[in-house]
Amino acid sequence: MRAVVWEGKPYEMAVKSVPKARIQMPEDAIVRVTTAAICGSDLHTYHGLLGSREPPWVQGHEAIGVVVEVGLATETFKVGDRVIVMCIPDSGHFVTEPEPLPGMYTGFGFGKDFGNLPGCQAEYVRVPFADDSLVKIPNNPSNDLDYLFLSDVFATGWQCVDFSGFKAGDKVAVFGAGAVGLLCAYSAILRGASKVYVIDHVRSRLDKAASIGATPIDFTAHGKGGAAAQVLELEPEGVQRVCDCIGYECLNADLELQENYVITEAVNMAAIGGGIGIVGVYIQVPVSKGTPRADLVAPAITFPIASFFSKNLSMKGGLVDVLGLNPTILQLVNSGRAKPGFVVTSEVGIEEAPHAYRRFDKKLEEKVVIRFPWESSESTLVVQRPRTARSTA
């Protein structure tokens with residue numbers, strides 16, 4: 001099968017033929033991918049900062065598709081079901097208490113150290129613990145891109161609003177107008193924010209933010225003092241909630257890399273008693289063949305603790321609980337109330353993926369999806385694995 005492959009070469013992605021995904025455990029399902037997406041987290045890998053020690057691996061963690069094979073113990077899904085592949089699959093065990101994020105969590109498309117799950121930018125993907133890792137959707141949705149983003153970016157944007165401590169009526173500032181930032185702002189608007197500011201420097205992204213009802217802030221605007229100064233000019237008491245949807249590759253007002261810029265500006269613009277949510281990536285890994293530029297990421301940043309303390313702020317961040325959030329946001333998409341597909345700017349074929357990565361990295365795109373040829377009749381050509389034989393793979 002054809003797939004996008006990271007080979008450990010910064011600013012390069014390859015499209016190669018790799019072994020087709022197959023059932024390995026009784027709880028597995030094989031999904032024929034119809035649409036995948038390139039995520040901002042994929043760019044951290046593209047830059048040589050995030051992933052496993054040993055390349056290569058198949059990239060990507062956002063996809064929808066059709067089930068074409070199921071393992072012996074898979075009961076909820078059958079061949080022909082149309083599904084969302086969640087970016088982080090179920091762990092396969094019952095959890096009664098919150099667990100800390102391990103150094104290397106299990107997720108699609110980040111290599112052996114992250115669960116050894118080949119990614120979703122491929123024709124087929126193996127999904128472990130399929131009964132709890134897949135979400136069923138209508139067979140032929142006209143709004144398939146809306147469903148696609150339940151796999152990660154819409155859920156992540158929604159989660160950041162949660163992390164900030166949001167309540168209806170709050171004023172919110174969102175750092176980043178990529179797909180996650182736009183969907184964070186969109187989530188705040190859906191949930192009753194009285195005002196939403198979106199902070200970026202790319203004009204097309206700021207225009208997209210304005211199109212959904214947010215107020216755009218160009219933090220690089222000459223003579224305006226940066227992000228916090230501009231927000232405080234409009235909101236002298238600050239905003240109740242600030243959301244970081246950028247992470248450690250953030251730039252300051254001079255467009256220079258400064259890892260603590262967003263966090264510092266968030267504290268500065270937050271109102272007394274307010275909250276900060278973080279979903280932008282702050283994961284540090286050692287330099288390796290798979291992450292040759294990881295030493296550019298500092299394991300610690302300078303933090304304005306005095307201002308944070310004196311303003312009685314709170315802060316929470318981490319990975320999205322994509323499986324936990326989906327019952328809520330799935331209903332919003334099913335009803336037509338939420339339409340997160342508006343963030344898409346390009347649709348490409350798998351062979352065009354390297355070029356799409358380059359455009360996305362240069363911020364010429366807000367969200368790129370990869371379309372795979374598919375006929376609805378294809379699922380009838382694939383026979384479900386007989387339940388009288390067990391896989392020895």
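## The N-terminal strands

In this predicted model, strand β1, residues 2-6, is joined to β2 by four bridges, and the two strands run antiparallel. One point of this pairing can be located by residue, since Arg 2 has Ser 17 in β2 as its bridge partner.

These two strands belong to an open sheet of three strands, which has the order β2-β1-β4 and antiparallel pairing. Because β2 (14-17) and β4 (57-58) each have a single partner strand, they stand at the edges, and one side of each is left without a neighbour in the sheet.

## Strand β10 and its parallel partners

Strand β10, which covers residues 195-200, is mostly covered, with five of its six residues buried. Strand β9 (residues 171-175) runs parallel to β10 and is joined to it by five bridges, and within this pairing Phe 175 stands opposite Ile 199 of β10. Strand β11 (residues 215-218) also runs parallel to β10, to which it is joined by four bridges; here Val 198 has Pro 216 in β11 as its bridge partner.

In a regular strand, side chains alternate between the two faces of the sheet.

## Helical connections

Each of these parallel pairings is accompanied by a helix. Helix α5, residues 179-190, combines with β9 and β10 in a right-handed β-α-β unit, and helix α6, residues 203-211, forms a right-handed β-α-β unit with β10 and β11.

## Nonpolar cores

In soluble globular proteins, nonpolar side chains tend to be buried together. The largest nonpolar core of this model has 63 residues, and those with the most contacts inside it are Phe 149, Phe 154, Val 174 and Val 196. The elements that give two or more residues to this core are α3 (144-148), α4 (153-163), β9, α5, β10 and α10 (322-334), and among these α5 gives the most, with eight residues. A second core, separate from this one, has 34 residues, including Ala 36, Val 67, Val 85 and Phe 372.

## The surroundings of Phe 149

Phe 149, one of the residues with the most contacts inside the largest core, can also be described through its contacts with residues of every kind. When neighbours within four places in sequence are left aside, Phe 149 is in contact with Ala 37 and Glu 62, with Phe 154 and Ala 155, and with Pro 340, Gly 341, Val 343, Val 344, Lys 367 and Val 369. Phe 154 thus appears both in this list of contacts and among the residues with the most contacts inside the largest core.

Definitions and conventions: Residues numbered from 1 in each chain as written. Predicted model: local features only at pLDDT ≥ 70, side-chain atom pairs only at ≥ 80, totals over all residues. Heavy atoms only, no water. Buried < 20%, exposed > 50% of the residue type's maximum accessible area, 1.4 Å probe, protein only. Pairing = 2+ DSSP bridges. Right-handed = clockwise from strand over helix to strand, strands pointing away. Core = buried A, V, L, I, M, F, W, Y, C linked by side-chain atoms within 4.5 Å. Contact = heavy atoms within 4.5 Å.
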